[in-house]
Amino acid sequence: MAAEAWGILHLSDLHFGPYLQQTESHGEWANIPGAFPHHYRLVQGMEFHAALLLKEYKGRILAAITGDMTTAGEPSAYEIINNYIRGRTYVRGLAKAGLGLSDEKVPFFHVPGNHDYWHSAGWPVSKWNYKSRFEIYRKYFPEPLPEVYPVVLNGTSVTIYTLDSNVIGRHRLPFQLDNMLGNGEVGDAQLADMQTRHQALVQASEAGTGVPAGYSHAGSLKVLLLHHHLALPSEVDEKKIAQRLLVLKDAAKVKAMISDYGIHMVLCGHQHFPHMLYDLEVGDNRHKVFYACAGSATQVKCDQNSFFFYEFAPRGTDQLVLTPTRYVRNITSNSYAFKAEVCDPIVIRLR
Ligand SMILES: [Fe+2]
Ligand SMILES: [Fe+2]
């Protein structure tokens, strides 16, 4: 019997505010032009499909969230988003909302976005007894950055690489203009740290110690998560400087790392519309690199809200048929419901 298909749920740019916004008439960011948080109706629309996927692929699904968890990085916003992602939070009365990834034991991987710590110090962080927004982020999302995670899902080995593309702290000003503009940077120190972690995992896999039973790095699907972009979507006007600014400053170095490690998929966020490339050029890699930006599932005022699900059907011992499904909700529709669009499949060769 053929092995069952399994999947990755890819959400990004949830941009939560300090409340489950618009479940009540107030919300401090709701009416500030340009500072748009999530919309609860969109949260519900996303959650409807996510819950179906988590049920259908129970025990065979992992989740990736690629940054901009919050719009302004306040402790209350992190409290809400963290509870929402990992568990289920009360909205009012007995009504609950939440993905419940921890409750459902869904492996969950994440990276920060520029909105998660868009400036480094000073007011109003000190009033909350934190030194920086990064410190607030780390309280709720303390997992190491960068990191490499060996996972076995439905008999398939998966390796998740996580990078922080918001290298900040090299400037004297608390407001990090480079970071706020949004192009992002990974930095040499982090790439060197990743190299150490990658090599340690390769050695542990070869020795068969310190990795999950049945895990093989060489035979694994390798997925990189980061918030910022390695490439422009094909449909944008390259002359638009605003779009060019959104490509990571050290994209070439990250692409070289992708090539060296044999990474098959790159998942990102940041742009608030969905886009995919089936064959991102990353150097002399022998396999195609699939690249996708999930867009924002839940922020208001996007032209299009979106998220992705990737289904992997094993073929033989060393291939996966990847079928992406794009969930979209157009602002022109009067509904907050998302529509599922199944995209063309692609074959990924694991070795
Ligand atoms: Fe965003
Ligand atoms: Fe962003």
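**Exercise 1.** In this predicted model, determine which helix the buried residues of α3 pack against.

*Solution.* Begin with the residues concerned: in helix α3 (residues 133–140), the buried positions are R133, F134, I136 and Y137. Viewed down the axis of α3, these buried residues fall within an arc of 160°, so they line one face of the helix. Their packing partner is α2 (75–86). At the level of single residues, P75, Y78 and N82 of α2 meet I136, Y137 and Y140 of α3.

**Exercise 2.** Establish how the axes of α2 and α3 cross, and state whether the crossing is left-handed or right-handed.

*Solution.* The two axes, those of α2 and α3, come within 10 Å and cross at roughly 25°. Angles under 35 degrees count as roughly parallel; therefore α2 is roughly parallel to α3. The crossing of these helices, α2 and α3, is right-handed.

**Exercise 3.** Give the strand order of the open sheet of six strands and identify its edge strands.

*Solution.* The order reads β6-β7-β8-β9-β11-β10, and the pairing is mixed. Strands β6 (147–153) and β10 (275–280) each pair on one side only, which makes them the edges. From one strand to the next, the twist averages 20°.

**Exercise 4.** Describe the pairing of β8 with β9, then locate helix α5 relative to the strands it lies across.

*Solution.* Strand β8 (residues 221–225) pairs with strand β9 (residues 265–268) in the parallel sense, over three bridges. Opposite L224 stands V266 in β9. Helix α5 (residues 188–207) lies across β6 and β7 (156–162), and α5 runs at about 35° to β6.

Definitions and conventions: Residues are numbered from 1 along each chain as its sequence is written. Chains are lettered from A and ligands numbered from 1 in the order in which they are written. This is a predicted model: local features need pLDDT of at least 70, side-chain atom pairs count only at pLDDT 80 or more; totals for chains, interfaces and linings use all residues. A residue is buried if 20 or more other C-beta atoms lie within 10 Å of its own, exposed if 12 or fewer, and partly exposed in between; C-beta atoms are placed from the backbone. Helices (H or I, at least four residues) and strands (E, at least two) are DSSP runs, numbered from the N terminus. The arc is that of the directions from the helix axis to the C-beta atoms. Two residues are in contact if their C-beta atoms, placed from the backbone, lie within 7 Å. Two strands pair if DSSP finds at least two bridges between them. Axes are lines fitted to C-alpha atoms, for helices over the stretch in contact, and angles run from 0 to 180 degrees between N-to-C directions. Angles under 35 degrees count as roughly parallel, over 145 as roughly antiparallel, 65 to 115 as roughly perpendicular and the rest as oblique. A crossing is left-handed if the near helix is turned anticlockwise from the far one by less than a right angle, and right-handed if clockwise.
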